[in-house]
Amino acid sequence: LGPRDSSPTPTPLTRHAMDSEGGESCSAICAEQPFDVRFHPTKNGALFCASLVTGEVEVWEHSIEDEACTLLKTLKCHDDACRSIAFANDGALLLSGGSDRSILASDVATGAAVARLENAHKAAINKLVALDANILATGDDDGVVKVWDTRTRRACGSFAPFVDFVSDIYHVPASAAADVDDAVANAASAAAGNPAGTLVVASGDGTIAHLNLATWKELGQSDNLEDELLSCCVMKHGKKAVAGSQGGILNIFDYGEWEDISDRFPGHPSSIDAIVKVDEDTILTGSADGLIRVINIHPNKMLGLVGEHGEMPVERMDLSVGNQWLATASHDRSVKLWSVGYLWEEDDDEDDLKEKVGEEEEEEEDSDDSDGGGGKRKRKQGKKKKGKNKVKDANAARADAKKRTAKKFFEGL
């Protein structure tokens with residue numbers, strides 16, 4: 001990373017306190033389509049950044065009391081699309097990677113560029129993840145993963161296990177060693193002074209790989225699923241890995257057994273572009289149909305909806321520190337903020353949970369067959385809950401989307 005002097009683009013303050021259409025608390029309308037969104041790691045949802053297709057990054061303030069978002073500044077970070085961002089140094093620095101193949105570190109307080117690494121990859125950078133205060137991982141359109149040390153400003157090592165773009169990177173830290181391979185990798189990493197932990201990486205070539213940060217070798221890689229993998233996470237206390245696909249299927253792997261899936265959960269009508277882990281049993285999925293779903297893994301069932309972005313795809317999602325707020329970025333130029341603290345409430349009984357998670361819940365018996373459960377379905381009618389942040393009924397949301405699509409079609413004629 002070489003020094004670079006720059007200053008943020010002057011931007012008049014813009015305030016958005018919009019009427020909620022999809023159940024969100026408030027929305028931020030970006031200048032152009034956002035590629036990524038990240039909450040500040042210490043501000044408890046009060047500050048977030050959105051990277052844009054223009055190469056800029058917008059810094060937004062979220063007023064929780066007023067339920068409004070205010071644009072503070074716009075940073076000119078890349079010459080082409082800024083595809084991924086992450087905070088480092090407890091939020092003092094914003095790291096960004098883009099189609100121009102560079103990595104930039106910007107001062108969050110002043111907006112000034114601190115350092116830039118030109119030609120960090122040979123192809124456009126598609127994903128950037130901060131592993132700790134000094135280490136970050138990046139993945140590009142050629143399927144190459146690199147790990148960087150910001151102190152030495154150089155790459156610690158690299159992997160090239162894929163033949164297509166890197167779509168998502170999930171870090172398994174040393175403290176969460178999930179199997180014997182992880183434990184061995186962490187011991188070797190500590191001895192060599194290398195970054196600790198391992199990486200689970202999804203790719204558009206239809207595979208998922210487990211990468212060792214100590215030896216820079218693969219611990220395992222799946223067979224080609226013949227379906228682009230777009231998102232991933234590790235759950236069930238490190239026993240399962242879940243990957244969302246272009247075909248709308250959640251592919252479930254036994255952690256450490258990467259050759260083939262152990263289960264699959266169909267049900268999303270469109271691609272699963274983003275996954276956020278709620279707890280060891282539950283995830284949130286952002287789909288190309290614009291819906292944000294609450295999904296339980298093993299038993300596999302959809303618990304309900306957080307909300308929707310209309311008919312526009314959900315590109316990326318992020319949870320705030322404290323897990324009170326969810327940010328979702330969509331192709332409609334909006335970043336929506338959702339109050340999701342209820343997902344972590346433990347003292348609710350079953351009826352209260354159904355009231356918060358949806359008007360109707362579908363329960364399926366757990367199954368080991370390839371369709372992720374073909375048992376008899378039970379439908380239970382829950383209670384309606386008024387308020388901005390209620391989770392909508394999945395069937396009703398799909399019906400509304402179909403009606404809007406039909407209306408547009410006939411208006412076009």
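So, what pLDDT does the chain average, and what share of the residues score at least 70? The average is 82, and 74% of the residues score at least 70. pLDDT, for anyone new to it, is the predictor's confidence in each residue, from 0 to 100.

Yes, this is a predicted model: local features need pLDDT of at least 70, side-chain atom pairs count only at pLDDT 80 or more, and totals for chains, interfaces and linings use all residues. Residues are numbered from 1 along each chain as its sequence is written, and side-chain values use heavy atoms, with hydrogens and water left out.

Two stretches need a warning. Residues 2-19 stay under 50 in pLDDT, and the model gives them 48 contacts beyond four places in sequence; a contact means heavy atoms within 4.5 Å. Residues 359-392 are also below 50, with 82 contacts beyond near neighbours in sequence. Where pLDDT is low, the predicted coordinates should not be read in detail.

Now the whole chain. We've got three helices and 32 strands, taken as DSSP runs numbered from the N terminus (H or I, at least four residues, for helices; E, at least two, for strands). Of the 413 residues, 54% are buried, meaning under 20% relative accessible area with a 1.4 Å probe, protein chains only, while exposed is over 50% and partly exposed is in between.

Let's pick one sheet. It's open, with four antiparallel strands in the order β24-β25-β26-β27; strands pair if DSSP finds at least two bridges between them. β24 (272-277) and β27 (301-308) are the edges: each has a single partner strand, so one side of each has no neighbour in the sheet. From one strand to the next, the twist averages 25 degrees, using lines fitted to C-alpha atoms as axes and angles from 0 to 180 degrees between N-to-C directions. In the middle, β25 (residues 282-287) and β26 (residues 291-296) pair antiparallel over five bridges, and I283 has I295 in β26 as its bridge partner.

Last stop, aromatics. How many aromatic pairs does a search of the whole structure find? Five. Rings of Phe, Tyr and Trp (its six-membered ring) pair with centres within 6.5 Å; planes under 30 degrees apart are stacked, over 60 edge-to-face, and the rest tilted. F253 and W258 have ring centres 6.1 Å apart and planes at 40 degrees, so that pair is tilted. Both F253 and W258 are buried. Elsewhere, ring pairs join F39, F48 and W60 into a cluster.
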